[in-house]
Amino acid sequence: MRVTVLASGSRGNATLVETETTRVVIDAGLGVRALLKRLALVPQAPGARTGLDAIVLTHAHGDHIAHAGAYAERFGAPVYLTEATARAVRLPAGVRARVFGARAAFDVGDLEVRPLPVPHDAPQVALVLASGGQALGLATDLGAVPDALPDHFRACGTVLLESNHDAGLLARGPYPDALKRRITGGLGHLENRQCAALLRALSPATRHVVLMHLSETNNTPAHALEVAADALAGRAVTLHAAMQDALLAVPLAPA
C-alpha cells in the first residue's frame, strides 16, 4: 500500500491511497486541474496503474466534497459515501454512488475500508484503510475524540490525525467569536492538545503519525509538531505535518 497526502487544510483536502491493483482518493476538495497536477507529481513505476477506481468521501463540507462529481466524471469512478453525506451532496446524473453504513466495512478492489462515526457538525467518519497486512487510520474534522477511536486505530501502523488549531492563536486571531465557538465546540475541530491526548492513547502498533488539517490562520507546523512530539516522547514514532500546498508521501509500517 502507498499513501500520498495531495492536500490537507481548509482550502481543500485529498489523499491518494494505492495498492498494486487499486487507486482511491479520499475526499475531493481540490479542483480537477489541481488534482491532476498533483497526481502527476506522485512517483509511478513504469506500467503502474493510473486513473482512479473510487472516490471515498468522509463528510459533506465543501473542502472535502466540492469536486466529487467532477472527479467521478473525469475518471469514470464511483463515489462512496454515507447516507447522511449522500443527502447533502449533489452528484451529476450518471455518477455511480455507493452508499455505505457509517459503521460497516466495505471493499474497494483489494482495499478494505472500515468507517467509524466521529463528532462533527456534518456527519463524519474516521476511516481505517487496510491491504496486504498494512493498515492506515485517518481522522480529520472532529470536535472531540470518541472513546472508540483509539481502539478503531489499534492495528494501524500509520495514523493521519487532525491537529487543527492552537488555542492561544485562535483566541487572539481574527475570526469572529461565533466561528471561534464553532471551532472549539464538541462538533468542531481538534486543538493541538486534544490531538496529543489521542496520540498518547494510540496502540504500540503505530509507528508513523501525520498531523492533518492544520489551520493556516490559527496554527503553525511548529506549534502542532511540538505538542505532538511531547505526547509521543519515548516512543519510536516518526512525526510529520501535512500541508495545503505540498505533497507528502506517507510512511507506512512494513506488513
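**Lys180 and the nonpolar cores**

Setting aside neighbours within four places in sequence, Lys180 is in contact (heavy atoms within 4.5 Å) with Leu170, Ala171, Arg172, Gly173 and Tyr175. The model is predicted, so local features need pLDDT of at least 70 and side-chain atom pairs count only at pLDDT 80 or more, while totals for chains, interfaces and linings use all residues. Residues are numbered from 1 along each chain as its sequence is written, and side-chain values use heavy atoms, with hydrogens and water left out.

Lys180 sits in helix α7, residues 177-184; helices are DSSP runs of H or I with at least four residues, strands are E runs of at least two, and both are numbered from the N terminus. Lys180 is buried (under 20% relative accessible area, 1.4 Å probe, protein chains only). Lys180 has no salt bridge (a side-chain nitrogen of Lys or Arg within 4 Å of a carboxyl oxygen of Asp or Glu). The nearest side chain of opposite charge, Asp177, is 4.5 Å away. The Lys180 side chain does reach backbone oxygens: that of Leu170 at 3.4 Å and that of Gly173 at 3.1 Å.

Elsewhere, the largest nonpolar core (buried Ala, Val, Leu, Ile, Met, Phe, Trp, Tyr and Cys residues joined through side-chain atoms within 4.5 Å) has 28 residues. Leu149, Phe153, Leu161 and Leu199 touch the most other members. Elements that each supply at least two residues of this core include β8 (111-118), β11 (158-162) and α9 (221-231). Helix α8 gives the most, with 4 residues.

Not counting residues up to four places away in sequence, Leu161 touches Ala139, Leu190, Cys195, Leu198, Leu199, Val210, Leu211 and Met212. A second, separate core of 26 residues includes Val17, Ala54, Leu248 and Leu252.

Methods
Buried < 20%, exposed > 50% of the residue type's maximum accessible area, 1.4 Å probe, protein only. Lys, Arg positive; Asp, Glu negative; His and termini not counted. Polar contact = N/O pair within 3.5 Å; in protein donor to acceptor, adjacent residues only side chain to side chain.
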